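Welcome, and please take a moment to look over the sequence and the model before reading on. The paragraphs below will walk you through a few places in turn.

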Amino acid sequence: MELSPVTPVEKQNDDLESPSVLPAKHRTQKAREKIQFVTLCWFVCLEGWNDGSNGPLLPRLQKVYGVGYAVVSLIFVFACVGFVTGAVSNVILAERLGFGKVMVLGSLLQVLAYCIESSGPPFPVFIFAYFINGIGMALQNANSVGYIACIKENAEAKMGLFMAVYGAGALSSPLVATQFSHLPRWNLYYLTSLGIAISNTIALIIVFRFKSQGECLSEIGIVEVNNSTSEHSHLRQIFANKDVHLLAAFALLYVGAEVTVGGWIVTYVINVRGGGSSSGYVSTGFFSGLMIGRVALLWFNEKIGERLVLFIYAVLAIIFELIIWFVPSLIGDAVAVCVVGVLLGPMYPIAMNHCRRVVPRWLLTGAIGWIAGVGQAGSALIPFMVGAIAQSSGMKTLQPVLIGILGLMTGLWALATHGSRRSD
């Protein structure tokens, strides 16, 4: 599926349209593009809000349900199964139902999940809600990231800004979750998430109106042309692409590391560094850095080159993780965690931009959807693994595990295809 500007298609009709009509139409398309972009940003803000709340709430969940690290980590396991289910289902559902319907379906699943969680149900029901939420987030994440990647003008900047909004949501929710974690009715925190999820559903219905991706893109001046000569389905072509698998593995480790830091760092600070009841704000510092890095370092990424700069960020992140590990300072650790957020921030947008360069355009949306879905599975798998290790060896193992994950990420990035080899 190739994406190309609408203008060349309309040139044949230039004689039929006055010069004043074309600029007006262009302005309308640009305004529509901004509305669509803001709507998708609202979803990714909710996604960040969801992920950022886990850190402050984990200690309270352990206390309320009387469970240890390994058992409370089941919320990540169920979310992982949900993410993988959503990622696989998306490749099929996107073709059959279309972009607009799949986005609304995903948002409704999130609404259902937050309704369950806000009631403070028994632990098995509570963690099942994470499974439902995982499916909903994977469907929306896959389609929204794929849609943003289809916008060709200022593509890198828009992807970076889109991912930065995730950081904005993730840094906001710990501020609220930390307050609710001290209240008797801690579960009412999920009513705030429910309110955001309902507004997200309404926005998706109003803006995209259950339309297919092609119809939505045509409204902003982009048409889809399927140049695929393969007789195989998109699903089979995607799974046969080596670059997709490398980037999916990279995304799994990256998102896993990101959510692990944001989720377990509060417990680490409390148990290992002796932090107090305000330790939940350390998670806010991390996600603040994440948001800042995705916007403030755009110029540096362009100047150095995205492939090389990711190696630089990875090495520096490992150095600061070593500082957190070996320097027993509460304030120093909080600052270092924030810096790690800044360094990790640009990595995911860079990976998505690289996918846009090396994957054939007719597979782009499905491929990015699969990569994003697998990445979201990492947000459940890696934190659970850390929790299981901490159950037997203590929370002090968090930093060496994170350093190992960052090292594996760097190795996978080195194996990724250089430059562009996409066939359009």
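What follows goes from one helix to a helix pair, then to the core and a loop.

This is a predicted model, in which local features need pLDDT of at least 70 and side-chain atom pairs count only at pLDDT 80 or more, while totals for chains, interfaces and linings use all residues. Residues are numbered from 1 along each chain as its sequence is written, and side-chain values use heavy atoms, with hydrogens and water left out.

Let us begin with helix α19, residues 398-415. Helices here are DSSP runs (H or I, at least four residues; strands are E, at least two), numbered from the N terminus. The expected span of a helix is 1.5 Å times one less than its number of residues; the 18 residues of α19 should therefore span 26 Å, and its end C-alpha atoms are indeed 26 Å apart. Among the buried residues of α19 are Leu398, Val401, Ile405 and Trp413, where buried means under 20% relative accessible area, exposed over 50%, and partly exposed in between (1.4 Å probe, protein chains only). What covers the buried residues of α19 includes α12, α15, α16, α17 and α18.

One residue of α19 to look at is Gln399. Gln399 has a relative accessible area of 0%, so it counts as buried. Leaving aside residues up to four places away in sequence, Gln399 touches Ile265, Tyr268, Glu321, Ile324 and Trp325; contact means heavy atoms within 4.5 Å.

Ile265 also helps α12 meet α13. How do these two helices pack? The angle between α12 and α13 is about 150 degrees, and their axes are 7 Å apart. Axes are lines fitted to C-alpha atoms, for helices over the stretch in contact, and angles run from 0 to 180 degrees between N-to-C directions. Angles under 35 degrees count as roughly parallel, over 145 as roughly antiparallel, 65 to 115 as roughly perpendicular and the rest as oblique, and α12 and α13 are therefore roughly antiparallel. Their contact includes Tyr254 and Val261 of α12 and Phe286 and Leu290 of α13.

Now for the largest nonpolar core, which has 128 residues. Such a core is a set of buried Ala, Val, Leu, Ile, Met, Phe, Trp, Tyr and Cys residues joined through side-chain atoms within 4.5 Å. Tyr254, Trp264 and Ile265 are among the members that touch the most others, and α12 gives the largest share, 18 residues.

Finally, visit Arg209, in the loop between α9 and α10. Its phi is near 50 degrees, a positive value in a residue other than glycine.
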